[in-house]
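Colleague: I would like to know how the labels on a model are earned. Can you take me through some of them, one by one?

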Amino acid sequence: MNAPLLTVPQADPGAGYRAHKAEIDAAALRALGSGWYILGAEGAAFEKEFAAWQGAARAVGCANGTDALMLTLRGMGIGAGCTVVTVSHTAVATVAAIEMTGATPLLVDIDPDTFTMDADELVAVLNDPPPGLPPIRAIIPVHLYGQACDLDPMLAACREHGVMVIEDCSQAHGATLGGRKVGTMGDAACFSLYPTKNLGALGDGGILSTDDEALADRIGAIRQYGWKERYISDSIGVNSRLDEIQAAILRTRLPHLDANNARRAEIAARYDEALAHTAYTPPARRPNAGHVFHQYVLRVPNRTALMARLRAEGVATAIHYPAPVHLQPAYRGRTPLGPAGCAETARAASEVMSLPMFPELTDAQVEHVCGVLRGL
């Protein structure tokens, strides 16, 4: 078989570097020339700039998105003897972060259309927690694939029960709900800055935001051994710092984020149009929400055949995620589930498929994908 005429990758973090190479190179050289490489001026400036963009009082950088969740939980005093509710249809990092604190994850099901936390089941477990678990102290709703959760009923139920809300925004930088950015409605928000994210470093990185100044101060200490004064640990901490080179790079990328999100939405609209006269349904959009399309995810019963067909036409695809956390070997049989048993989660994992999605896709690449889709 002849090779396809045009190859379209599903993701290409190098394209983001090439698109802004001069800016990024200059920022990295600036950080290198400063002689200060950990928790310096670049990191402090990025935290302020990110907080201003997000609309939060404070932001705290750290080593990665998993640590952002772990540090936030620890800053809230959540650990052993606590239960934290989240979902199983997510990157394993969400659940791993809970267990890093010693807390118990409780996994509830998803809405089958948007793949985000089922608000009704969350409310049910808050009203009637499963027996034998420690008290529920927090929830981590995941704004998945670039789209907000059904957050309003979750917030109301958590306020009623005195439960903290930590928004996992690692796939939703800039997404909105009711005109407000995700990450500004709970008690804190956590973001991965992994290279393929809507806002990505050229290595690992994470950041969290909150309007709670005292919480931000506690987390800022925990991320560096619990220090308030150098070499003196007032609390038990860890080493989770965003290095200066990555912070400098992220400062150059943040001003482009809104335009990149708009480009993602434009690509998604073109995919929608191409799918309009096929048997496949575009991703569902939540009403009154702004989707930033970290991924463009189809739900298809014939996934293997469709992925093979697209690959033969030079279009790469991916699966986010092929196995729910609760069915992976490290978690199977030992992670508590909500009353629905994550049945919708298991079904979704067997059907989801992601099309190419990153802002540097060329018009020719997008049109090639659309041409293949129109022929399905």
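What follows is a set of short questions about this predicted model, each with its reasoning.

Colleague: How do you know that the overall size agrees with a compact globule?

Modeller: Start from the chain length, 376 residues. A compact globule of that length would have a radius of gyration near 21 Å, and the protein chain has 21 Å, so the two agree. Along its principal axes, the C-alpha trace spans about 65 × 55 × 40 Å.

Colleague: What makes up the secondary structure of the chain?

Modeller: There are 13 helices and 14 strands. Buried residues account for 52% of the 376 residues. The accessible surface is about 15,300 Å², and 54% of that belongs to carbon and sulfur atoms.

Colleague: Why is tyrosine 145 called buried or exposed?

Modeller: Buried means under 20% relative accessible area. Tyrosine 145 has 4%, so it counts as buried. Its place is the loop between β4 (136-139) and α7 (151-161). Its phi is near 65 degrees, a positive value in a residue other than glycine.

Colleague: And why is tyrosine 225 put in its class?

Modeller: Partly exposed covers the range between the 20% and 50% limits. Tyrosine 225 has 31%, so the label is partly exposed. Tyrosine 225 also has a positive phi, about 60 degrees, although it is not a glycine. It sits in the loop between α8 (213-222) and β10 (227-229).

Colleague: What makes the peptide bond from histidine 320 to tyrosine 321 stand apart, cis or trans?

Modeller: That bond is cis, with omega near 20 degrees. Tyrosine 321 is in the loop between α11 (303-312) and α12 (343-349).

Colleague: How do you know that the length of α3 agrees with a helix?

Modeller: Use 1.5 Å a residue. The 14 residues of α3 should then span 20 Å, and its end C-alpha atoms are 20 Å apart, so the value agrees. Among the buried residues of α3 are Phe46, Phe50 and Trp53. Glycine 55 follows α3 and has a positive phi, near 85 degrees.

Colleague: Why is the pair of arginine 251 and glutamate 42 called a salt bridge?

Modeller: The rule asks for a side-chain nitrogen of Lys or Arg within 4 Å of a carboxyl oxygen of Asp or Glu. In this pair the closest N and O atoms are 2.9 Å apart, and the pair is a salt bridge. Arginine 251 lies in helix α9 (residues 244-253) and glutamate 42 in helix α3, so the pair ties together parts that are 209 residues apart in sequence. By accessibility, arginine 251 is partly exposed at 25%, whereas glutamate 42 is buried at 9%.

Colleague: What does arginine 223 meet in a salt bridge?

Modeller: Its partner is glutamate 47, at 2.9 Å from N to O. Arginine 223 is in the loop between α8 and β10, and glutamate 47 is in helix α3, so this pair ties together parts 176 residues apart in sequence. Arginine 223 has 11% relative accessibility and counts as buried. Glutamate 47 has 16% and also counts as buried.

Colleague: What makes arginine 299 and glutamate 351 a salt bridge?

Modeller: Their side chains meet at 2.6 Å, N to O, and the limit is 4 Å. Arginine 299 lies in strand β13 (residues 296-299) and glutamate 351 in the loop between α12 and β14 (352-355), so parts 52 residues apart in sequence are tied together. Arginine 299 is partly exposed at 26%. Glutamate 351 is partly exposed at 22%.

Colleague: How many salt bridges does the rule give?

Modeller: The count is 17. A network of salt bridges links Arg263, Glu266, Arg270, Asp363, Glu367 and Arg374.

Colleague: Why is valine 182 called buried or exposed?

Modeller: Valine 182 has 1% relative accessibility, so it counts as buried. It lies in the loop between β7 (180-181) and β8 (188-192). Leaving aside neighbours within four places in sequence, its contacts include Gln54, His143 and Glu167.

Colleague: Which residues form the nonpolar patch on the surface?

Modeller: Leu29, Leu32, Tyr37 and Ile38 form it, with about 380 Å² of accessible area together. A patch member needs over 30% relative accessible area. Tyrosine 37 has 40%, so it is also partly exposed. It lies in the loop between α2 (21-34) and α3 (41-54).

Technical notes: Residues numbered from 1 in each chain as written. Predicted model: local features only at pLDDT ≥ 70, side-chain atom pairs only at ≥ 80, totals over all residues. Heavy atoms only, no water. Patch = residues over 30% accessible without salt bridge, like charges linked within 9 Å, V, L, I, M, F, W, Y side chains within 5 Å. Areas by Shrake-Rupley, 256 points an atom, 1.4 Å probe, with all protein chains shown as cover. Helix = DSSP H or I, 4+ residues; strand = E, 2+ residues; numbered from the N terminus. Buried < 20%, exposed > 50% of the residue type's maximum accessible area, 1.4 Å probe, protein only. Rg over C-alpha atoms; globule rule 2.2 N^0.38 Å. Contact = heavy atoms within 4.5 Å. Expected span 1.5 Å × (residues − 1).
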